[in-house]
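Open the model in your viewer and keep the selection panel at hand. The stops below follow one after another, each with something to select and a note of what is there.

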Amino acid sequence: MSDDYYGHDEDHPSPWGPHDWDHGAPHNSWFPVIMAIGIGIFLLMFARVFSFGEYDFSYLPMVFVGLAVVAAAMIVWWRQDMSFDGTYEPRSSGAPFKSIQIRKVGTWVFLMSEMMIFTALFSTYMRYRFGIPRCDTVFESGDWVEGTAVTCFEPASHLIASSWWHIAPGATNTFALIISSFTIVQALRWAHKPEGSVDEEVRRKRIYRYLGATWCLAALFLTLKMIEWFIGFHVPEIGFLGLQEHEIPSLYSEGYLINNDHYQHHDYIDETGAHMMANIRVSATMFYVTTGTHGFHVLGGLVGLTYLTYKAWTGAYTPQSAVSIEYFGLYWHFVDLIWVLVFPFFYLY
Amino acid sequence: MSNTIFGKDAYWMNFFGLMILTAIEVGAVGSDLSRDTTLTVLSVVAVPKLLMIAAIFMHLWGSEDSRILTLTALFPAFFIIVMVLFIGLTHPDGATGLPAWCRPGTYGL
C-alpha cells in the first residue's frame with residue numbers, strides 16, 4: 001500500500017481526519033455521537049445549575065466539560081471533512097438511501113428532528129388551549145370577581161386578529177415567507193442551468209439577486225415581528241378609505257407578557273364597570289416560545305443567507321456546486337412550512 | 001426540476017396557488033364567521049399549503065429521489081400522531097395529572 005496525497009494509508013485514513021475523498025472513502029465518523037454525548041452532559045448539568053429558582057454552581061465545571069466535548073467533537077468532525085473541495089458530492093452506498101447524496105439525506109433527517117421540536121410545542125399548545133377555559137368565555141359566564149385574577153387562556157389572536165391593521169404585520173410576514181420560498185427556488189434554478197446555456201455573468205447576477213431578495217424578505221420578517229411584539233406602529237388618516245388616524249399598540253404595551261398574572265383587556269369590562277383580571281402566563285408563554293422558536297430559525301436562516309449571497313456575488317455557484325443552495329433551500333422551505341401552521345393557529349384563531 | 005402544472009411552470013403555479021390560499025386564510029379571519037367555521041377553514045387551507053410547499057418547493061414530487069425522501073419525511077409521523085392525539089387532544093389533566101415520575105422535581109431535576 002502506498003501513502004496517498006494526504007500522507008496516510010489510503011485504506012486506513014486517520015480517524016482524526018481528513019477523510020480520503022480521492023479514493024471514495026466512506027464518510028464514517030464517530031464524532032456526531034461524541035458531540036451528542038457532550039450536548040447531553042451540558043444539558044443535564046445546566047439543568048442542575050438552575051433548579052427551582054436555586055443556583056447550585058458546583059455543577060458549573062461539568063457544564064464547561066460538556067461544552068468542551070461539543071467543541072472538540074465539532075473541530076475533529078470539521079477536520080475530517082476539510083479535504084472536501086466542494087465538487088465531489090458523496091453518495092450513500094447502502095440501503096435504503098443508495099446513490100442519494102449523503103448531505104441531502106442528512107438535511108432531511110435534520111429537518112425531521114426539527115419537526116419533532118415543533119410538534120412538541122404544538123401538542124403542548126393544543127393541550128393548554130383545549131384544557132383551560134378561554135378568557136372571553138369566563139368573562140361572559142360572569143364566573144369571576146373583580147380584583148381577583150382568573151387563570152384562563154387568552155389567545156394572542158384576541159389582540160392580533162382584532163382588526164386588519166393589527167393583523168397586517170403577521171399577514172405581511174406570511175406573504176414574505178412564501179415569496180422568499182419562491183425566490184430561493186429561482187436562485188437554485190439559475191444555478192442549475194447547464195454551462196453554456198446561459199452567460200456566466202447573467203447567472204451570477206440572477207443568483208445573488210434572488211438570494212439577496214430572500215435575505216431582504218427574511219430581514220423584513222424579523223423586523224415586522226419586532227414591531228408587532230415590542231414597538232407597534234402609527235396608522236395615518238386615509239380620507240378616501242374613511243380611516244381615522246390611530247395607533248396600533250405592540251403586544252408588549254398591551255400587557256401580553258409571559259409573566260403577567262393581572263392582565264386586563266379592554267373588552268373585559270361588564271355593564272357595572274367591573275374589570276376582569278386574568279392570569280395569562282400559560283397562554284402568553286406558549287405564544288412567545290413557539291413563535292420565538294420559529295423566529296430564531298428565521299434568524300439562523302438569515303445568517304446562512306448572508307454567506308450564500310456573498311458566495312453567489314463572487315460567482316461561486318455553478319451547476320456542480322448548486323447543491324448548497326438546494327440544501328439550504330430545504331431548510332428555508334421548512335421554516336416557511338412551519339409558519340403555515342403557526343400563522344393560522346397562533347395569529348388568527 | 002422541470003415539472004409543469006396545467007402546462008405551466010410548477011414553481012410559478014405553486015407560488016400563485018400559495019398566495020391565493022393565504023389570501024383566503026386572512027379573508028376568513030377578517031369576515032364574520034363563527035370560531036368553529038374559522039378553525040375549519042384555516043385547517044382545510046393549511047393542508048394543501050403544506051403539501052404544495054413539500055411537494056413542489058422541497059422536490060418531494062417529480063424528483064428521482066422523491067420516493068425514499070418522502071418516506072424519510074413521513075418517518076416521524078408516528079411520533080407526531082402520538083404527541084398530538086394522545087397528549088395534545090385526549091389526555092385528561094395533561095398539565096397537572098402526569099404521573100410523579102415525569103413531573104419536575106423527580107430525580108433531583
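Start by selecting helix 6 of chain A and helix 1 of chain B: the two are roughly antiparallel to each other, because their angle is over 145 degrees (under 35 would be roughly parallel, 65 to 115 roughly perpendicular, and the rest oblique). Helices here are DSSP runs of H or I with at least four residues, strands are runs of E with at least two, and both are numbered from the N terminus. This is a predicted model, in which local features need pLDDT of at least 70 and side-chain atom pairs count only at pLDDT 80 or more, while totals for chains, interfaces and linings use all residues. Residues are numbered from 1 along each chain as its sequence is written, and chains are lettered from A and ligands numbered from 1 in the order in which they are written.

Stay with this pair. Helix 6 of chain A covers residues 164-192, and it packs against helix 1 of chain B at about 170°, with the axes 10 Å apart. Axes are lines fitted to C-alpha atoms, for helices over the stretch in contact, and angles run from 0 to 180 degrees between N-to-C directions. On the chain A side, select A:Trp164, A:Ile167, A:Ala171, A:Thr174, A:Phe175, A:Ile178, A:Phe182 and A:Val185. Their partners in helix 1 of chain B are B:Tyr11, B:Phe15, B:Leu18, B:Met19, B:Thr22, B:Val26, B:Val29 and B:Gly30. Contact is counted when the C-beta atoms of two residues, placed from the backbone, lie within 7 Å. By class, the residues of this contact are 13 nonpolar, three polar and no charged. Ala, Val, Leu, Ile, Met, Phe, Trp, Tyr, Cys and Pro count as nonpolar, Asp, Glu, Lys and Arg as charged, and the others, Gly among them, as polar.

Next, widen the selection to the whole contact between the chains. Chain A gives 37 residues and chain B gives 36. On the chain B side, the elements that give two or more residues are helix 1 (10-30), helix 2 (35-57), helix 3 and helix 4 (77-89). That side divides into 27 nonpolar, six polar and three charged residues.

Now select helix 3 of chain A (residues 102-131) and helix 3 of chain B (residues 66-74). Their axes are 9 Å apart and the packing angle is about 25°, so the two helices are roughly parallel to each other. Their crossing is right-handed, meaning that the near helix is turned clockwise from the far one by less than a right angle (anticlockwise would be left-handed). Here A:Trp108, A:Val109 and A:Met112 meet B:Leu69, B:Thr72 and B:Ala73. Five nonpolar residues, one polar and no charged make up this contact.

Which residues of helix 2 of chain B are buried? Select B:Thr38, B:Val41, B:Lys49, B:Met52, B:Ile53, B:Ile56 and B:Phe57. A residue is buried if 20 or more other C-beta atoms, placed from the backbone, lie within 10 Å of its own, exposed if 12 or fewer, and partly exposed in between. These buried residues pack against helix 6 and helix 9 of chain A, together with helix 1 of chain B.

Step on to B:His59, in the loop between helix 2 and helix 3 of chain B. Its phi is near 60°, a positive value in a residue other than glycine. B:His59 counts as buried because it has 23 C-beta neighbours inside 10 Å.

For another such phi, select A:Ser99, where the value is near 75°. A:Ser99 is in the loop between helix 2 (60-81) and helix 3 of chain A. Is it buried or exposed? A:Ser99 counts as exposed, because it has 9 C-beta neighbours inside 10 Å.

Finish within chain A, which has nine helices and six strands. Of its 349 residues, 32% count as buried. Select helix 8 (residues 281-313) and helix 9 (residues 323-348) of chain A, which pack at about 155° with their axes 10 Å apart. The two are therefore roughly antiparallel to each other, and their crossing is left-handed. Among the residues that meet are A:His294, A:His297 and A:Gly301 in helix 8 and A:Tyr331, A:Trp332 and A:Trp339 in helix 9. This contact has 12 nonpolar, seven polar and no charged residues.
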